[in-house]
Amino acid sequence: MAVCIAVIAKENYPLYIRSVPSQSELKFHYTVHTSLDVVEEKISAVGKAMADQRELYLGLLYPTEDYKVYGYVTNSKVKFVIVVDSSNTSLRDNEIRSMFRKLHNSFTDVMCNPFYNPGDPIQSKAFDSMVSGMMVQAC
Amino acid sequence: MADDALFEFLHMEIVSHVYKEQASRERVSCVSALESMGFRVGQGLIERFTKDSPTFKDDLDIMKFLCKDFWTNIFRKQVDNLRTNHQGTYVLQDNKFSLLTQLSNGKQYLEEAPKFLAFSCGLIRGALSNLGLESVVTAEVSLMPSCKFQVVIQKT
């Protein structure tokens, strides 16, 4: 269960960012922003290494004392960032991968919507409800 | 199956509708209207098709993907010939372009052909733009139904 989910466009501005409202949103926005640097580093590093099979899933970007940040980049250079609670150690890699899969599928649907202009903030209700399903329920 | 026929008929209607709508305006704006339609469709399509494939190594890899998977998904066949000068210019040649086969089998209606290629030019430009490559796409026909798309990648 994620604590914060963000979708960032090719030009590095957020298309969609949502966090669990009980905690300070600004802190999450900052975490996501700093993780972008790590994402860029990973994308360029893979290019120089043996380019046999480049995956879209980037894995754990960096852990802070409370949170872990995971990244994923699509072929159109749109980045997804998921922040999860460090105390939730039962979350395995596969589960994170499936969360990114679902995000990518929903994002593709948003992209194919003729009323959506690429580059606009995402306002689709379907996308919203999919993301709510993945976030920690605020109690 | 009937699926290809649906798109071909829809495309023909789109072209004739755009031209009827803009009868008072210039011909050039019709072509750009069709091209920008293709652009938006190309962006959405590429997002769907590259969902599962790994990242592309370089421009040539992207063009090869365009010629094989992208073309097969849309026109049910691959591009017959891809040529490049390795400096950002690519020529995609399709000897039996599905949107032109119904028009003629030689030189008849050659002047009308560009209208029917504008959407596909936009499709290619949209696909490339979403993959990070700005380009200029033009098409030429000398003998129907074969046509050539010339893609020039803009290096920034």
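User: Which residue in E4(B) stands opposite B:Glu140?

Analyst: B:Lys148 stands opposite B:Glu140. The model is predicted: local features need pLDDT of at least 70, side-chain atom pairs count only at pLDDT 80 or more, and totals for chains, interfaces and linings use all residues. Residues are numbered from 1 along each chain as its sequence is written, and side-chain values use heavy atoms, with hydrogens and water left out.

User: How do you know that strand E3 and strand E4 of chain B pair?

Analyst: Two strands pair if DSSP finds at least two bridges between them. Seven bridges join E3 (residues 135-143) to E4 (residues 146-153) of chain B, so the definition is met. The two strands run antiparallel, and a hairpin joins E3(B) to E4(B) through two residues.

User: Why is B:Lys115 called buried?

Analyst: Buried means under 20% relative accessible area, with a 1.4 Å probe and protein chains only. B:Lys115 has 16% relative accessibility, and therefore counts as buried. B:Lys115 is in helix H4 of chain B.

User: What makes the pair B:Lys115 and B:Glu112 a polar contact?

Analyst: A polar contact is a pair of N or O atoms within 3.5 Å; within protein, one must be able to donate a hydrogen and the other to accept it, and residues adjacent in sequence count only if both atoms are side-chain atoms. The contact between the side chains of B:Lys115 and B:Glu112 is at 3.0 Å, so the distance satisfies the limit of 3.5 Å.

Technical notes
Chains are lettered from A and ligands numbered from 1 in the order in which they are written. Helices (H or I, at least four residues) and strands (E, at least two) are DSSP runs, numbered from the N terminus. Buried means under 20% relative accessible area, exposed over 50%, partly exposed in between (1.4 Å probe, protein chains only).
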